[in-house]
Amino acid sequence: MDQSRARHVAIIMDGNGRWAKKRGLPRAVGHQRGVEAVRRLVRSLEGTGLECLTLYAFSSENWKRSEDEVDDLMNLMRRFIKSDLPEFIANNVKLKIIGDWQSLAPDIVAMLEDALAQTANGKQTLAVALNYGGQHEIARAATKAAALGEVTIGTIAAQLDTADLPPLDLLIRTSGEIRLSNFLLWQAAYAEMLFVDTLWPDFEPAHLSQALDDFARRERRYGGR
Ligand code: IPE
Ligand code: IPE
Ligand code: MG
């Protein structure tokens, strides 16, 4: 396999609020424009050759935001699934959700279950992290591994939400923040990292292609020589 080609990229989509603030607009508008950036990226997925794109949409800590902002984000999620599901199906995008998504509002859970079923035969995976926290994911996986009788790196990895995805190659965060904010902690062990200043609503498919070119030039050593 061509080692320079990424199979799995994950993005911490950050900066919607600052994008809106710069323009004197409500944060909700930033989130709406953020959804449009997601749509553009998903439309460009086929050309990237990626097997999986994982997007951090809502963290287990994002509940700390105001009720209004959380409602806006949940409503955007409802609208996005409704409007874009036919496109996912037409473009062979296979939806996957990671995180504690089953504890979201029952109507969202039902919508997601339907979307998962309808895209099950898709070729490229779009994994969306919803109510996701890396520490919680690891704790859940370790608990399941223990219940099955053996706690090892392998048995924990097999219980992670990402167990059926290719290894994480590249983790991108937008908006200039240089932290993981509890995203894919386990999976990031040997992933390449890229932090860009672009605010999420300004993120274009060309930024992802640039990131993939950058990734292709990196030398991964995994501790060996
Ligand atoms: C990312 O943008 C979207 C979510 C976390 C849901 P933010 O809302 O975090 O934007 P900033 O960081 O305040 O600019
Ligand atoms: C991380 O961004 C979560 C998502 C992008 C969904 P945050 O904006 O919530 O992270 P912090 O609070 O700046 O670390
Ligand atoms: Mg943020």
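The second largest pocket of this structure holds about 430 Å³ of space. Of the 23 residues that line this pocket, those closest to its centre are Pro166, Pro167, Leu168, Asp169 and Gln187. The model is a predicted one. This briefing considers the second largest pocket, then the largest pocket, and finally ligand 2, which sits in the largest pocket.

**The second largest pocket**

- The lining of the second largest pocket is made up of 14 nonpolar, four polar and five charged residues.
- Among the residues closest to the centre of this pocket are three that follow one another in number, Pro167, Leu168 and Asp169.

**The largest pocket**

- The space in the largest pocket comes to about 820 Å³.
- Its lining consists of 40 residues, and Met13, Tyr56, Ala57, Phe58 and Asn62 are the closest to its centre.
- By type, the lining of the largest pocket comprises 23 nonpolar, eight polar and nine charged residues.
- Several elements each supply at least two residues of this lining: helix 1 (16-22), helix 2 (27-43), strand 2, helix 4 (67-90), strand 3 (93-98) and strand 4 (124-132).
- Helix 4 provides the largest share of the lining, with seven residues.

**The surroundings of ligand 2**

- Ligand 2 is located in the largest pocket.
- The residues around ligand 2 are Ile12, Met13, Asp14, Tyr56, Ala57, Phe58, Asn62, Arg65, Arg173, Arg179 and Ser181.
- Met13, Tyr56, Ala57, Phe58 and Asn62 appear both around ligand 2 and among the lining residues closest to the centre of the largest pocket.
- This shell contains five nonpolar, two polar and four charged residues.
- Strand 2, which spans residues 52-59, gives the most to the shell, contributing three residues.

**Polar contacts and cover of ligand 2**

- A polar side-chain atom of Ser181 lies 2.6 Å from an oxygen atom of ligand 2.
- In the side chain of Asn62, an N or O atom is 2.9 Å from an oxygen atom of ligand 2.
- For Arg65, the distance between an N or O atom of the side chain and an oxygen atom of ligand 2 is 3.2 Å.
- On its own, ligand 2 has 390 Å² of accessible area, of which the protein covers 78%.

Terms used:
Residues are numbered from 1 along each chain as its sequence is written. Chains are lettered from A and ligands numbered from 1 in the order in which they are written. This is a predicted model: local features need pLDDT of at least 70, side-chain atom pairs count only at pLDDT 80 or more; totals for chains, interfaces and linings use all residues. Side-chain values use heavy atoms; hydrogens and water are left out. A residue is near a molecule or strand if one of its heavy atoms lies within 4 Å of it. A polar contact is a pair of N or O atoms within 3.5 Å; within protein, one must be able to donate a hydrogen and the other to accept it, and residues adjacent in sequence count only if both atoms are side-chain atoms. Accessible areas come from the Shrake-Rupley method with a 1.4 Å probe; for residues, only the protein chains shown count as cover. On a 1 Å grid over the protein atoms alone, a cavity is a set of points where a 1.4 Å probe fits but cannot get out, and a pocket is an open set with protein on both sides within 12 Å along at least five of seven lines; lining residues have an atom within 4 Å of a point. A molecule sits in a cavity or pocket if more than half of its atoms lie within 2 Å of its grid points. Helices (H or I, at least four residues) and strands (E, at least two) are DSSP runs, numbered from the N terminus. Ala, Val, Leu, Ile, Met, Phe, Trp, Tyr, Cys and Pro count as nonpolar, Asp, Glu, Lys and Arg as charged, and the others, Gly among them, as polar. Grid points are joined across faces, edges and corners, and a volume is the space filled by probe spheres set on the points.
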